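Dear colleague,

I am handing over the structure below, together with an account of what was found in it. Please read the two side by side.

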Amino acid sequence: MKSKANGSASTGEKLPVGMNVRVTAKLWWMSLLLPMLTSFFVGQAARRYILLQMATLHSPSSGVATVPGILLDDTNSLPPPKVREDKEVPMTVYTSKITDTAASSSARTMILEKKPWQECVLDENYEALGKTCQVSKATAAKYKDDDDDDDDDDAAEEELHMPAGQHLLVDIKNVNHDFLNSEQRLAQAMVDVVWESDLTLLSYHCHKLFPMGVSCVGVLLESHISFHTWPENGVITLDLFTCGSGLLIPILPLIERLFAIPGGEEEEPPTMIWIHKLRGFRNEDDALQRHLGSSNLAYEILGVMDMDMKKEVATVKTAFQMIDIWDVIKPKFQSIDSYRKSQSNDESYEANHPELYLPDRQVYLDGTMQSTRKGKEAREILKHKTVEHVKMIEIDKDMIEMSRKYLTDWNQCGDIVGSTHSCFDDPRADVLSEDALAWFIDRFPSKKTVDGEERFDVRGYSANSNILSLANHGCNGTHTITVPYPSCRGVERHLPLLTGGYLLPIATCQLATRY
């Protein structure tokens with residue numbers, strides 16, 4: 001650097017003309033970097049102080065960090081993962097990497113430590129008071145006196161390690177804002193869902209975001225569970241993925257109970273929508289794939305997200321088939337708001353005519369949707385005054401009981417003079433739980449064994465039906481028969497002897513799907 005000053009203001013002495021002042025590169029870089037580094041470290045210290053203060057303001061309590069590399073508000077405010085004493089947990093190695101971000105006001109990690117469980121004591125806000133509490137009181141009570149038998153077999157163990165699983169995605173709106181911004185309450189709900197579902201939570205990590213919102217992810221022995229909340233919008237999205245044979249659909253009511261916390265009385269009730277998918281790679285003959293992966297039930301109900309309601313009414317596995325009954329409300333045809341209003345007492349049109357806004361009840365046998373209902377055939381026959389006797393033969397007794405209990409709209413005979421509320425109880429009806437084909441062959445092996453009183457003049461096939469209905473008309477002795485597939489061909493050999501060859505084609509045998 002050159003200076004051409006001609007004199008000094010203090011001494012009046014003249015400086016040499018053309019004098020050079022040299023500055024080293026080291027000094028130049030130090031004068032540039034030192035202020036930058038000082039500003040950086042001062043800013044980091046100020047930022048950490050501000051985040052600590054915000055964490056104190058936005059959480060129920062504050063504390064110190066006890067897990068290396070993680071800032072904790074209060075180690076005891078989050079419930080630890082829990083495993084039942086009769087469940088074996090394999091050796092695992094825990095590793096983590098936490099990214100320092102200004103978006104989080106806190107970050108906490110809880111790791112499974114296998115120890116005897118203890119029932120929780122809750123305050124008026126349903127928050128745990130005990131330091132070693134592991135699950136909520138209601139959840140712990142469910143297993144307090146249970147002495148479950150160890151029924152795990154080799155097949156279930158093998159399925160747990162298959163490269164396949166189930167994925168459940170759940171979205172809930174109109175949820176309580178305070179609940180969605182409470183890291184402790186959300187974490188407790190997640191621990192309870194895992195516990196009551198008999199899954200194993202190895203560890204979980206939560207971030208409470210600034211200014212609001214919580215994100216948590218839990219590592220399961222079976223896979224993972226995670227969720228994120230938007231308190232200002234009253235929304236939470238959750239996903240659960242598991243391997244093994246345990247079904248996830250039965251967990252939906254549990255998720256709704258623990259996470260769909262309503263707001264005030266004047267706010268709309270929570271609405272939950274969900275979707276269930278099979279993931280990974282399964283064997284071609286896998287029963288779960290046929291039932292929940294490639295069936296009508298999977299495509300029309302489980303795999304559709306935009307349904308305002310899809311509620312499992314009943315699922316029963318009988319000796320012959322899997323029976324699934326669902327109530328659904330599709331926005332294209334029905335309104336969830338109208339349905340809710342029909343369940344109220346506000347003197348509205350919907351409340352005065354609730355029968356017009358009921359969900360659509362759908363029936364699936366082995367995943368295949370049914371267009372017929374058990375008892376419908378009997379109703380169509382019993383409504384004729386000349387009918388004196390109806391014989392119904394159903395191979396699956398449980399199907400009759402399910403129809404009697406859950407499908408009453410299809411077998412109501414209360415509006416028929418002289419009948420009963422249920423067509424199955426009509427004095428003219430005789431309901432048998434037998435194989436229709438065997439029933440015919442045993443009683444009518446040849447033409448010689450058919451007498452006049454048991455001769456049938458009319459026969460008809462009912463698609464998708466397991467019921468064989470025989471109706472006796474007092475006027476001319478005519479009978480109507482509905483025969484299930486594949487019994488059709490066997491029975492058809494005997495029908496000409498019983499009916500005189502007259503055929504009433506209600507449907508064809510080839511359209512039926514079972515039996």
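A residue is called buried here when its relative accessible area is under 20%, exposed when that area is over 50%, and partly exposed in between. On that footing, 42% of the 515 residues of the chain count as buried. Please keep in mind throughout that this is a predicted model. The chain holds 15 helices and 16 strands, and among its contacts between residues at least 6 apart in sequence, 66% join residues at least 24 apart.

I begin with the nonpolar cores. The largest of them has 48 residues, and Tyr204, Phe227, Ile255 and Phe259 are those with the most contacts inside it. Helix α5, which spans residues 183-196, supplies the largest share of this core, namely 7 residues. A second core, separate from that one, consists of 12 residues, among them Ala378, Leu382, Val387 and Ile416. Leaving aside residues up to four places away in sequence, tyrosine 204 touches Leu78, Pro79, Pro81, Arg108, Thr109, Met110, Ala187, Met190, Val191, Val217 and Gly218.

Histidine 205 has its place in strand β5, and with a relative accessible area of 14% it falls under the 20% limit and is therefore buried. Its side chain is joined to that of threonine 109 by a polar contact of 2.3 Å, and Thr109 is also one of the residues that tyrosine 204 touches.

Next come the aromatic rings, for which the count of pairs comes to 5. One of these pairs is phenylalanine 179 with phenylalanine 259, whose ring centres lie 6.4 Å apart and whose planes stand at 70°; because an angle over 60 degrees counts as edge-to-face, the pair is assigned to that class. The pair links distant parts of the chain, since phenylalanine 179 belongs to helix α4 (residues 177-180) and phenylalanine 259 to helix α6 (residues 252-259), 80 residues apart. Both rings belong to buried residues, phenylalanine 179 having a relative accessible area of 3% and phenylalanine 259 one of 0%. Together with Phe227, Phe179 and Phe259 form one aromatic cluster, and Phe227 and Phe259 were also named above among the residues with the most contacts inside the largest core.

The disulfides number 2 in this model. In one of them, the sulfur atoms of cysteine 206 and cysteine 216 are 2.0 Å apart, and the torsion about the S-S bond is about 115°, so this disulfide is right-handed. Cysteine 206 sits in strand β5 (residues 201-209) and cysteine 216 in strand β6 (residues 214-220), with their positions 10 residues apart in the numbering. Both of these cysteines, 206 and 216, are buried.

The other disulfide joins cysteine 413 to cysteine 423, with an S to S distance of 1.8 Å, and at 95° about the S-S bond this link is right-handed. Cysteine 413 and cysteine 423 both lie in the loop between α12 (397-406) and β15 (429-432), so the pair ties together parts that are 10 residues apart in sequence. Cysteine 413 and cysteine 423 are both buried.

The loop between α12 and β15 also contains serine 419. The relative accessible area of serine 419 is 18%, which is under the 20% limit, so this residue counts as buried. Not counting residues up to four places away in sequence, serine 419 touches Cys413, Asp426 and Arg428, so that one of its contacts is a member of the disulfide formed by cysteine 413 and cysteine 423.

Finally, I turn to helix α12 itself. Which of its residues are buried? They are Met399, Ile400, Met402 and Ser403, and because they cover an arc of only 165° around the axis, they are placed on the same side of α12. An α-helix has 3.6 residues a turn, so residues three or four places apart point the same way. On the other side of α12, Lys397 and Lys405 are exposed. The N-terminal end of α12 is capped by aspartate 396, of which a side-chain oxygen lies 3.2 Å from the backbone nitrogen of aspartate 398.

With kind regards

Note on methods
Residues numbered from 1 in each chain as written. Heavy atoms only, no water. Disulfide = S-S within 2.5 Å. Helix = DSSP H or I, 4+ residues; strand = E, 2+ residues; numbered from the N terminus. Buried < 20%, exposed > 50% of the residue type's maximum accessible area, 1.4 Å probe, protein only. Contact = heavy atoms within 4.5 Å. Arc of directions from axis to C-beta. Polar contact = N/O pair within 3.5 Å; in protein donor to acceptor, adjacent residues only side chain to side chain. Core = buried A, V, L, I, M, F, W, Y, C linked by side-chain atoms within 4.5 Å. Phe/Tyr/Trp six-rings, centres within 6.5 Å; stacked < 30°, edge-to-face > 60°.
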